[in-house]
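Reader: Could you please take me through this structure? I should like to begin with a single residue and then move on to the interior.

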Amino acid sequence: MLKQNRWQTWLSYLHPQYTACMTCHKKAPLMKRYPQICEKCALAIPWITQQQCKVCGRGEYCPDCQRKSAFQRYFMFNRSAVYYNDTMRQWIADYKYRGQERYAPLLGKMMIEAYQLMKREMIEFYQKRWNIDIVTGVPVSSTRLIQRGFDQAAVLAEYLATYEHLSYIPLLVRQRDTLKQSSQGRQARLLNMQEVFSYAPHTPQWLATYQSSTLNILLVDDIYTTGSTINNCAKALIEAGKCHQIDIQVFSLTWARS
């Protein structure tokens with residue numbers, strides 16, 4: 001069996017399987033590390049490996065988190081996998097708006113790598129074991145759920161939780177539809193997200209089953225821009241914890257940081 005596997009490996013080098021890359025659509029050998037994309041596209045991924053801002057996870061100087069008028073922050077910090085450049089904008093648009101759900105394994109794999117980097121950072125910072133108790137996602141509105149047929153944040157959150165053997169629980173509900181954040185300026189985005197999210201009716205009971213005075217929750221979304229969405233979700237989760245005197249710490253992980 002071992003000899004056969006080696007022979008198959010050598011054959012794959014001599015006769016690589018050429019097919020169309022999902023992202024650039026060119027004929028090329030696909031990567032094993034990332035499903036359905038070629039090496040050129042994989043090398044073009046703009047990873048954020050070092051954060052200049054330890055709050056929002058931006059890879060460059062962040063004026064937003066330095067503002068004296070910055071909103072009261074309810075989450076511990078955010079980390080993101082990639083910079084939101086033109087290529088990444090195209091990928092997420094194909095995934096969210098053009099019905100190409102085949103992007104899910106690729107984006108999910110990227111989220112896993114970002115989470116593992118985040119975990120190493122936390123272990124080095126705390127100098128001890130660091131755990132996430134629950135993974136949840138930022139819920140999409142019912143209107144957009146019908147339009148798209150899926151909740152992109154929930155898909156990424158479940159993908160990550162399954163791989164990392166963590167509990168995924170939908171803890172939040174969206175109270176109303178909102179305007180698209182991408183079509184608005186900073187102040188409009190902040191106002192747009194006020195009082196949008198609340199905890200789901202079952203959330204306090206779910207939290208109480210953990211029988212712990214402190215819980216770490218990982219909140220997953222696709223894009224971090226101003227942080228208003230993450231912040232309002234974190235506020236709702238903290239309020240749910242207060243029902244049973246549970247201290248909730250919310251850590252955010254997003255696919256892209258704009």
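Reader: Which residue does the side chain of Gln152 join in a polar contact of 3.4 Å?
Author: That partner is the side chain of Asp222. A polar contact is a pair of N or O atoms within 3.5 Å; within protein, one must be able to donate a hydrogen and the other to accept it, and residues adjacent in sequence count only if both atoms are side-chain atoms. This is a predicted model: local features need pLDDT of at least 70, side-chain atom pairs count only at pLDDT 80 or more, and totals for chains, interfaces and linings use all residues. Residues are numbered from 1 along each chain as its sequence is written, and side-chain values use heavy atoms, with hydrogens and water left out.

Reader: And at 2.7 Å, which side chain does Gln152 contact?
Author: The side chain of Arg148 makes that polar contact.

Reader: Is Gln152 buried or exposed?
Author: Gln152 counts as buried because its relative accessibility is 6% (buried means under 20% relative accessible area, exposed over 50%, partly exposed in between, with a 1.4 Å probe and protein chains only).

Reader: Turning to the interior, how many residues has the largest nonpolar core?
Author: It has 42 residues, and Trp91, Leu107 and Trp255 are among those with the most contacts inside it. A nonpolar core is a set of buried Ala, Val, Leu, Ile, Met, Phe, Trp, Tyr and Cys residues joined through side-chain atoms within 4.5 Å.

Reader: Where does the largest share of this core come from?
Author: H4 supplies that share, 10 residues.

Technical notes. Helices (H or I, at least four residues) and strands (E, at least two) are DSSP runs, numbered from the N terminus.
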